[in-house]
Structure formats: C-alpha cells, structure tokens
Amino acid sequence: MLSNEIKAKIKELGYDRYKLVVEVTCIPHQNQSLRMASQCLWDEKWDEYVVVEYDRNSSMKIIALIFGIYFE
C-alpha cells in the first residue's frame with residue numbers, strides 16, 4: 001500500500017516519460033544493521049534512483065527504494 005502511494009505522488013509531479021519501480025521494506029529496529037543491494041541495467045544519463053529511510057519510530061525502520069527508468 002505504501003509503495004503505491006509513493007508511486008502515485010511521484011506521478012503527480014509529471015514524470016510521464018519514466019517507468020517507476022518502488023520497493024518498500026519494513027524491518028524491526030533492534031540496533032542491527034541491514035545491507036541491501038540492487039542491480040539494474042540502465043542508461044546513466046537518464047535513469048535515476050533514490051533511497052529514503054524513515055527511522056522516527058524506535059521500534060520500526062522503513063526503507064523505500066525508488067527507481068525511475070526513462071522510456072521513449
């Protein structure tokens with residue numbers, strides 16, 4: 001549900017030429033570390049990504065990975 005909300009908000013900004021991929025991970029926050037990796041084949045000139053971490057709550061951490069892939 002959260003990934004669909006993020007995708008809808010980004011589409012409102014007018015990025016019509018981009019396909020969006022949004023991945024949201026929720027984990028319990030217990031002072032452990034987490035290492036995530038992604039691999040994509042894309043054009044470095046046009047394609048982009050962003051990682052957002054939400055760590056306001058002491059019991060949960062939310063990480064959102066947002067990929068924008070340009071298409072013609």
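The exercises below work through a predicted model of one protein chain, each with a solution in steps.

**Exercise 1. Overall form**

Task: Work out which elements the protein chain has, and whether the chain is spread out or compact when set against the globule rule.

Solution: Begin with the elements, which number one helix and three strands in the protein chain; read from the N terminus on, they follow the order α-β-β-β. Next, take the radius of gyration, which is 14 Å, and set it beside the 11 Å that the globule rule gives for 72 residues; the value is well over the rule, so the chain is more spread out than a compact globule. The C-alpha trace can then be followed along its principal axes, where it spans about 45 × 25 × 15 Å. As a last step, consider burial, for which the cut-off is under 20% relative accessible area; of the 72 residues, 22% count as buried.

**Exercise 2. A residue in a loop**

Task: Find where Leu41 lies in the chain, and decide whether Leu41 is buried or exposed.

Solution: First locate Leu41, whose place is in the loop between β1 and β2. Then compare its relative accessible area of 87% with the cut-off, since exposed means over 50%; Leu41 is therefore exposed. A further step is to relate Leu41 to Met60, a residue 19 positions away in sequence, from which Leu41 is separated by 32 Å in space, C-alpha to C-alpha.

**Exercise 3. Aromatic rings**

Task: Classify the ring pair of Tyr15 and Tyr18 and the ring pair of Trp46 and Tyr70, and state how accessible these residues are.

Solution: A pair of aromatic rings is described by the distance of the centres and the angle of the planes. The search of the whole structure finds six aromatic pairs. In the pair of Tyr15 and Tyr18, the centres are 6.0 Å apart and the planes stand at 85°, so this pair is edge-to-face, given that planes over 60 degrees apart count as such. Tyr15, with a relative accessible area of 45%, is partly exposed, and Tyr18, at 23%, also counts as partly exposed.

For Trp46 and Tyr70, the ring centres are 5.1 Å apart and the planes are at 25°, so the pair is stacked, the cut-off being under 30 degrees. This pair links distant parts of the chain, with Trp46 in the loop between β1 and β2 and Tyr70 in strand β3, 24 residues apart. Trp46 is partly exposed at 40%, and Tyr70 is partly exposed at 28%. Taken together, Tyr15, Tyr18, Trp46 and Tyr70 form one aromatic cluster. Another ring, that of Phe71, has the charged end of Lys19 sitting over it, 5.0 Å from the ring centre.

**Exercise 4. Two pockets**

Task: Describe the largest pocket and the second largest pocket by volume and by lining.

Solution: Start with the largest pocket, whose volume is about 310 Å³. It is lined by 19 residues, of which Met36, Val51, Glu53, Ile63 and Leu65 are the closest to its centre. Two or more lining residues come from each of β1 (18–28), β2 (48–54) and β3 (60–70), and β3 gives the largest share, four residues. Sorted by class, this lining has twelve nonpolar, five polar and two charged residues.

Turn then to the second largest pocket, which holds about 160 Å³ of space. Its lining includes Tyr15 and Tyr18, together with Glu48, Phe67 and Gly68 among others, and β1, β2 and β3 are the elements that give two or more residues to it. By class, this lining divides into eight nonpolar residues, one polar and one charged.

Methods:
Residues are numbered from 1 along each chain as its sequence is written. This is a predicted model: local features need pLDDT of at least 70, side-chain atom pairs count only at pLDDT 80 or more; totals for chains, interfaces and linings use all residues. Side-chain values use heavy atoms; hydrogens and water are left out. On a 1 Å grid over the protein atoms alone, a cavity is a set of points where a 1.4 Å probe fits but cannot get out, and a pocket is an open set with protein on both sides within 12 Å along at least five of seven lines; lining residues have an atom within 4 Å of a point. Grid points are joined across faces, edges and corners, and a volume is the space filled by probe spheres set on the points. Ala, Val, Leu, Ile, Met, Phe, Trp, Tyr, Cys and Pro count as nonpolar, Asp, Glu, Lys and Arg as charged, and the others, Gly among them, as polar. Rings of Phe, Tyr and Trp (its six-membered ring) pair if their centres lie within 6.5 Å; planes under 30 degrees apart count as stacked, over 60 as edge-to-face and the rest as tilted. Buried means under 20% relative accessible area, exposed over 50%, partly exposed in between (1.4 Å probe, protein chains only). A charge sits over a ring if NZ of Lys or CZ of Arg is within 6 Å of the ring centre and within 35 degrees of the ring normal. The radius of gyration is taken over C-alpha atoms; the globule rule is 2.2 Å times the number of residues to the power 0.38.
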